[in-house]
Amino acid sequence: MKNKVLFIVTVIVVFLLGLLASSIVNRKNEAKYKYVPQVEINENEPRNEEWGKNFPAEYQSFLQTEQGDFASFQGGNAMRDMLEEDTRLAVLWAGYGFSKDYNQGRGHQYAVEDIHNSLRTGGPKGNGDGPMPATCWTCKSPDVPRLMNEIGIAEFYSGKWADKGEEIVNPIGCADCHDSKTMKLTITRPALVEAFEVMGKDINKATHQEMRSLVCAQCHVEYYFNKNTPGKEGVPYLTFPWKDGMSVEAMEKYYDDMNFKDWTHKLSKAPMLKAQHPGYETYLTGVHADRGVSCADCHMPYKSEGGQKFTDHHIQSPLNNVANSCQVCHREEAEKLRSNVYERQQKAAESRLKLEDALVKMHVEAKKCWDLGATEEQMKDILMDIRHAQWRWDYAAAAHGASFHSPVETARVLASGLDKATEGRVKLARLLADLGHNKPVEMPDLSSKEKAQEYIGLDMEKLTKEKEEFKENLLPKWLEAAKKREATYGSKQVSAAQ
């Protein structure tokens with residue numbers, strides 16, 4: 001009887017081991033054949049779907065950046081009108097494009113579509129028309145490195161945004177970060193390489209783990225358009241202001257030393273700085289960077305399908321993928337981790353909104369001083385306080401993840417901004433009194449986006465009409481020209497022998 005039982009147990013064990021072995025073999029075969037090349041990817045190939053023929057798992061996950069159903073406390077992939085949510089922004093950016101239109105960024109799949117739709121790019125009627133330079137395309141598409149290689153870097157930056165419209169149609173994707181032959185992570189935007197050179201660093205010595213953040217740092221950084229680049233004078237050349245360091249004070253000093261301004265504020269006449277999105281700079285001051293965690297570790301975590309481990313190219317907020325992102329290292333429940341993030345963000349938002357209130361008052365009070373006859377000499381120090389206070393606010397606000405990536409540094413920056421604003425408002429009160437105004441300055445009605453935009457003098461009906469005419473008349477021509485050009489690219493199949 002015992003022998004019979006032992007025989008049955010042995011048969012069952014052997015059978016299960018056989019199933020396990022079969023599964024392992026099948027998984028290995030799946031992994032082995034998963035990346036058999038189907039097409040030969042040409043150098044500077046901008047079409048993501050072509051890369052997807054060789055890398056279907058990555059491509060299919062990348063397509064999920066089309067999703068727009070997740071909104072966190074201050075991020076996510078859902079379309080949100082930030083000027084409507086926070087009407088003070090229109091006043092803070094009076095005279096600058098962001099006062100016309102500023103939406104929460106969606107997934108990378110919408111990079112080109114959203115810049116087509118944005119009121120900031122205006123309603124150009126053809127080449128040489130519109131408010132924005134061609135440099136504004138730099139972070140939007142793998143067509144950018146293609147075009148830079150075809151016509152040159154400075155020539156790419158030259159001219160108007162509309163001049164390159166028919167050339168740039170593919171959304172952010174594979175060729176922005178990968179070498180077409182080796183598939184290694186690579187830097188395709190020269191501004192980052194040049195910034196490292198200015199700092200005395202060689203980006204070619206970066207480790208693979210560092211590259212998993214540096215490919216993001218090509219775009220998620222502070223930058224400006226330098227029209228005084230030696231040998232390229234007059235060209236709005238994309239430049240990172242890292243020569244003196246990446247802190248808010250270091251970049252401020254860099255800009256101040258060269259008397260640079262992004263625009264002159266329409267109300268206060270202050271020479272303003274617009275922080276773009278210094279995500280990389282603020283990330284570097286946080287605990288995750290200190291522990292060697294890269295951007296991709298959280299925003300593009302590894303996953304497995306069919307026995308193959310690969311990087312999930314559904315680039316998104318880790319809060320929408322806590323299991324694969326946060327819980328790889330943190331053992332707390334998903335909801336607990338989310339609440340921890342939101343708590344930090346809410347506390348930072350309290351300080352940020354206080355600073356916004358002070359800045360709005362500064363701009364309006366400065367306008368009152370000008371209206372009362374203030375001189376440039378009387379306003380000089382006040383305008384610099386406005387510039388420096390708003391730079392700190394924007395540095396903390398525009399780096400959308402800063403209050404999570406680096407809550408301590410973000411709190412410090414906002415506190416220093418509040419300090420600058422307080423100093424400036426004391427000077428404003430004294431000057432207003434000297435000019436005969438000894439009572440509070442009346443603040444505008446900012447109860448809606450429409451009222452705020454009307455207050456700063458924007459003709460939104462005209463801007464909207466111009467954009468609709470552009471989308472109806474010029475945009476279809478761009479897309480048709482791009483379609484004809486890409487039809488000549490072809491697709492070379494890899495032979496069975498290869």
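Here are a few close-up legends for a predicted model.

Residues are counted from 1 along each chain as its sequence is written. In this predicted model, local features need pLDDT of at least 70, side-chain atom pairs count only at pLDDT 80 or more, and totals for chains, interfaces and linings use all residues, while side-chain values use heavy atoms and leave out hydrogens and water.

**View 1. Cys136, a cysteine in no disulfide.** A disulfide here is a pair of cysteine sulfur atoms within 2.5 Å, and searching the whole structure turns up 0 of them. For Cys136, the nearest cysteine sulfur belongs to Cys139, 10 Å away. Cys136 is buried, at 17% relative accessible area (buried means under 20%, exposed over 50%, partly exposed in between, with a 1.4 Å probe and protein chains only).

**View 2. The spot that UniProt labels "binding site".** The unreviewed UniProt entry puts this annotation on His288, Cys326, Cys329 and His330. These residues span 43 residues in sequence, yet no two of their C-alpha atoms are more than 12.1 Å apart, so they gather at one spot. UniProt positions follow the numbering used here, feature names are shortened, and annotations may be inferred rather than shown by experiment.

**View 3. His288 in helix H13.** This helix covers residues 287–290 (helices, H or I of at least four residues, and strands, E of at least two, are DSSP runs numbered from the N terminus). His288 is partly exposed, at 23% relative accessibility. Leaving aside neighbours within four places in sequence, His288 is in contact (heavy atoms within 4.5 Å) with Val293, His330 and Phe404.

**View 4. Cys329 in a loop.** Cys329 lies between strand E7 (308–311) and helix H15 (334–371). Cys329 is exposed, with a relative accessible area of 61%. The closest cysteine sulfur, in Cys298, is 7.5 Å from that of Cys329, too far for a bond.
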